[in-house]
Amino acid sequence: MASVIILVVENDLEGWAKPIAAFLDDLNQGVEIATNVEEAIDKARKLEPVIICLDMHLPKNREEFERNPLSGKAEAGLEVLKIVREEI
C-alpha cells in the first residue's frame, strides 16, 4: 500500500518520468505522472501530493506536448510551483 502520493512532472516520458515513477513504485510509493503545466496543476489540485518531482522545462498543455514532447518554456515549472504553492 502506498504511503505517500508523489507527483512526477516531467515531459521526457521514456528518459525520466517512467524510470523515476518505476523506482518510486518499487518503493511502494503512490506515483502519478504529469507531462505538461496544465496537467501538473490539475493533478496537484486533485491529489494534493506530499512530494512533487518537478522538471522546469515543460510544455504548456497536452496539445503542445503531443506536437513536440520536448517543447515549452524553460521556466514553466516555476509557474506550476507558484500555483501549487498558492492553492495547496
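In the predicted model, the side chain of Ser71 approaches the backbone oxygen of Asn68 at 2.7 Å. The side chain of Ser71 also forms a polar contact of 3.3 Å with that of Glu64. Ser71 lies in the loop that connects H3 and H4. With buried defined as under 20% relative accessible area, Ser71 is classed as buried because its relative accessibility is 15%. When neighbours within four places in sequence are set aside, the residues in contact with Ser71 are Asn11, His57, Leu58, Pro59 and Glu64.

The strands were examined next. An open sheet is formed by 3 strands in the order S2-S1-S3, with parallel pairing. S2 and S3 (51–54) occupy the edges and have a single partner strand each, so one side of each lacks a neighbour in the sheet. From one strand to the next, the twist averages 20°. The parallel pairing of S1 with S3 extends over 4 bridges, and Leu54 in S3 is the bridge partner of Val9. Helix H1, spanning residues 13–26, packs on the sheet and touches S1, S2 and S3. The direction of H1 makes an angle of about 165° with that of S2.

Helix H2 comprises residues 37–47, and its buried residues are Val37, Glu39, Ala40, Ile41, Lys43 and Ala44. The elements covering these buried residues include strands S1 (5–9) and S2 (30–34), together with helices H3 (62–67) and H4 (76–87). Within this helix, Ile41 is in contact with Val80 and Ile83, leaving aside neighbours within four places in sequence. At the start of H2, the backbone nitrogen of Glu38 has a side-chain oxygen of Asn36 within 3.2 Å. Glu48 follows H2 and has a positive phi, near 45°.

In soluble globular proteins, nonpolar side chains tend to be buried together. In this model, the largest nonpolar core consists of 11 residues, namely Leu7, Val9, Ala34, Val37, Ala40, Ile41, Ala44, Leu58, Ala76, Val80 and Val84. At least two residues of this core are supplied by each of S1, H2 and H4. H2 contributes the largest share, with 4 residues. Two residues described above recur in this core: Val9 is a member and has its bridge partner in S3, while Leu58 is likewise a member and is in contact with Ser71.

Technical notes: Residues numbered from 1 in each chain as written. Predicted model: local features only at pLDDT ≥ 70, side-chain atom pairs only at ≥ 80, totals over all residues. Heavy atoms only, no water. Buried < 20%, exposed > 50% of the residue type's maximum accessible area, 1.4 Å probe, protein only. Contact = heavy atoms within 4.5 Å. Polar contact = N/O pair within 3.5 Å; in protein donor to acceptor, adjacent residues only side chain to side chain. Core = buried A, V, L, I, M, F, W, Y, C linked by side-chain atoms within 4.5 Å. Pairing = 2+ DSSP bridges. Axes fitted to C-alpha atoms, helices over the stretch in contact; angles between N-to-C directions.
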